[in-house]
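User: I would like a close look at one part of this protein, the charged side chains and what surrounds them, with the cut-offs behind each term.

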Amino acid sequence: MKPQSIHRKMTQLISHTLILMILTCSILLLAGGKIFTNLYALFKQQQTFFSYEYVLTSLQDELLSQFNGTKDSEERIISLSNQLEEIACMLPVYFPHAQFTDTKLLTLEYIKEVQQLSEQYASGENAELLNTVDDVQQLFHELRIQYATTSPFHEKIINQKVERIRNNWIYQILFTILLAGIICSISFIDGRRMVRNIALPLSVLTKQANQISNGDYSSLAICDNDSENDLEIQQLTDAFRCMAETIQQQMDELKDKIQLSEKLYSLEMQNIQMKMMLSQAEMSQIQSLINPHFLFNCIGMLSSMAIIENAPKTHEYSLNIAQFLRSSLNLVGKSITLHEEMQHIRHYIHIQQLRFGTRISFLTECASECENAVLPAIILQPLVENALVHGVGSYPSGGIVHINVELQDEFVRLSVEDNGIGMTDDEIRQILENSSETNLYKQKKTGLYGTIYSLQYYFSGNAGLQIESKNKGVKFILYFPYQTSPPQFQNQ
């Protein structure tokens, strides 16, 4: 027997179930429609019976109103008479009993007398009017008595019809439950057989998968193709067998690739260390290009000449330059704390204050939790120098340079802000593009780009620059991870 697809079996099962459900629903709707039709007819019969007394009483009251001279009474009498006649004719149809037939005949006679009374009143025949009134009153009382005697028959007929409808409803519910049970039983039997044909082969495949997870690729049990199995299960078994045959080869290839990746990673780390050592060598080369003894002797001579010439400001200026230059040359290529970096920049600020006087104000703020952070030396000085040269250096007064250091989300955020002439969007975009990791190698390792270059190498690329320009002034922000010890290459 050729195996069938699970999809085809499922489609057949769903189709059979849907056909049976549609058949059941159709029968239920037909039976329910018939029941609701009978209920509606019963409601109409009830409404007709109860409206008979109301219309009869309303017609009698309208006759009295006509005698009292009420306008439009004649038209209402005609309308009510027609309604009463229509209701009286329907009573024997809805309730097939002799009492209702008598009610119909007596009502037609009453309507005839009412019409005659209305015509006599309109023509002014007072002689026959009183006799007709007596006849109408007598017939009205007879109709009231007749209506009261038909009530038991009406109630009996209604109860019989209600009982018949209720029995039909019960039979319909029982039939629906029986049919639904048959449908569920058929679906359960077919579904159970389908699940069994799927679950048994899958359990065998699960055992094979456990053998592979334990590293056993040799003792895999191969499922025999059984005609009872579904087409998809057989396809899955064949695919699993092919996978088991090739997985060992893939594992061997994967081991070779892992070994090659480890070697490449080792070579890459060596390359990074060589680049860092090259960067450190470039920084040290800057220091070797300057003869510190010659510079210190020249500045010392300048300071002595200032004392001889009685120039105290020149003496103070030259001493601060000597201290700043000595600390700068000693710190090149080294790691320092942020506290030491702030001390160094304060020497530079003191020099600039002697130069600019009260034209420029300097504000420095450093959070206490950031003072132990380690970073490469001489990071702040290029930023402050840019703020002076390109920002507030040309101001005759009112220039402000604000230095702020704070800790945000395990990152040190170091900013230098001025209220100078600001920068355009194109200028900011150009600086950010040039300071990207790919372009830093093409830039000169001095000034702002030298600062970013040092931070990128020092923190293995986990540092960056942000620029915020306002209507007046610009703010440079450097951010780098908070760490209290230098990286490994600095310790070697």
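Which element of the protein has the highest mean pLDDT, and which the lowest? Please start there and then look closely at Arg-413 in strand E5.

Analyst: Strand E5 (residues 411–418) has the highest mean pLDDT among the elements, 94, whereas helix H11 (residues 437–440) has the lowest, 56; pLDDT is the predictor's confidence in each residue, from 0 to 100, and helices (H or I, at least four residues) and strands (E, at least two) are DSSP runs, numbered from the N terminus. This is a predicted model, in which local features need pLDDT of at least 70 and side-chain atom pairs count only at pLDDT 80 or more, while totals for chains, interfaces and linings use all residues. Residues are numbered from 1 along each chain as its sequence is written, and side-chain values use heavy atoms, with hydrogens and water left out. The protein averages a pLDDT of 76, and 77% of the residues score at least 70. Over residues 285–291 pLDDT stays under 50, and for these residues the model has 5 contacts beyond four places in sequence, a contact being heavy atoms within 4.5 Å.

Arg-413 lies in strand E5 and is classed as buried because its relative accessible area is 17%; buried means under 20% relative accessible area, exposed over 50%, and partly exposed in between (1.4 Å probe, protein chains only). Not counting residues up to four places away in sequence, Arg-413 touches Asn-404, Val-405, Glu-406, Gln-408, Gln-466, Glu-468, Lys-475, Ile-477 and Leu-478.

Side chains of opposite charge can pair when their charged atoms come close. The structure holds 3 salt bridges, each defined as a side-chain nitrogen of Lys or Arg within 4 Å of a carboxyl oxygen of Asp or Glu. In one of them the side chains of Glu-406 and Arg-413 meet at 3.2 Å, N to O, and Glu-406 counts as partly exposed because its relative accessible area is 25%. Another joins the side chains of Arg-413 and Glu-468 at 3.9 Å, N to O. This second pair links distant parts of the chain, with Arg-413 in strand E5 and Glu-468 in strand E6 (residues 464–469), 55 residues apart. Glu-468 has a relative accessible area of 33%, so it is partly exposed. Glu-406, Arg-413 and Glu-468 are thus linked in a network of salt bridges.

Asp-426 also forms a salt bridge, with Arg-429, the closest N and O atoms being 2.3 Å apart. Both residues lie in helix H10 (residues 425–434), 3 residues apart, about one turn of the helix, and Arg-429 counts as partly exposed because its relative accessibility is 42%.

One contact of Arg-413, Leu-478, leads on to Leu-455. Leu-455 and Leu-478 are 23 residues apart in sequence and 8.9 Å apart in space, C-alpha to C-alpha. Leu-455 is found in helix H12 (residues 447–458), and its relative accessible area of 2% is why Leu-455 is classed as buried. Leaving aside neighbours within four places in sequence, Leu-455 is in contact with Pro-376, Ile-379, Ala-463, Leu-478 and Phe-480.

As for cysteines, the structure holds 0 disulfides, a disulfide being a pair of cysteine sulfur atoms within 2.5 Å. Cys-370 is in no disulfide, and the nearest cysteine sulfur, that of Cys-366, is 5.8 Å away. Cys-370 is buried, because its relative accessible area is 0%.
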